[in-house]
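Visitor: I should like a close look at a single part of this structure. Please describe its strand pairing with care and explain the terms as they arise.

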Amino acid sequence: MNCEVCPLKELELENFEVREVLRCVLHTIFFHRALGLVRPKDVDLELFDITYVQCGDLDLEKKIEEKIDQFIDRAEKHPNKKYQMCLSFYEVKNKPGTWFPKKLERLYWEQWEINLNVVQQPKAHSSKSRHSKVVVDPGESAEEEISIRRAALEASLREVLFQIIKFVNEKKDHVPPIPNLDGISFPYEITIPGSSDSAFGMDMFKRMLQTGHPTMLS
């Protein structure tokens, strides 16, 4: 069965909004893919009128924060660019055709593509950077600009959350048997294609050239 890929709607945001948005999106995906026992924890966003649910797994929270730190560091060094973060779930199987039982391979069965367009506002807005908005009309006040841009981003973030829920409800046949019933059910990896810490994108491309989409053994 092919690896299911879900490219999420692109979100345009500023550096100071990246952490909250990525936390919200990543934790929402993990919560809906943690089919074992979890301790749900509601989290209210500070920048938006949105509440999402975390799994209550401290190790997962730590790993998510580490990846977000890497993403923010990269975005700050290269502003005004589009970036992607990928969350992939996989199975670990013995590699076919080998006599060595420890020769294992990862079989990816689902990948989430989180797409962000990180923009840098003009210096005129820098003093209000934590509340800044894209200029919409010269006649509008800074506060109106802030309100319009924030509302647009919040609406787009809600669309992404609904997209996640719709995907997990409609795409179920590719999900493998649950390996454990405690907390995060499936092995995963979070990568930033194009960054030095991961060659995941190129590996996936090479694998697709050789064998088509990554497959899952039943």
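Guide: Strand 1 (residues 4-7) runs parallel to strand 6, and 4 bridges link the two. Strands, like helices, are DSSP runs numbered from the N terminus, a strand (E) having at least two residues and a helix (H or I) at least four. Two strands count as paired if DSSP finds at least two bridges between them. This is a predicted model, in which local features need pLDDT of at least 70 and side-chain atom pairs count only at pLDDT 80 or more, while totals for chains, interfaces and linings use all residues. Residues are numbered from 1 along each chain as its sequence is written, and side-chain values use heavy atoms, with hydrogens and water left out.

Within the pairing of strand 1, Pro-7 has Glu-113 of strand 6 as its bridge partner. Strand 2 (residues 11-14) also pairs with strand 6 in the parallel sense, over 4 bridges; here Glu-12 stands opposite Asn-117 of strand 6. Strand 5 (residues 81-94), by contrast, pairs with strand 6 in the antiparallel sense, over 14 bridges. In that pairing, Gln-84 has Asn-115 of strand 6 as its bridge partner.

Strand 6 itself spans residues 104-119, and it is largely enclosed by the rest of the structure because 13 of its 16 residues are buried. Buried means under 20% relative accessible area, exposed means over 50%, and partly exposed lies in between (1.4 Å probe, protein chains only). In a regular strand, side chains alternate between the two faces of the sheet.
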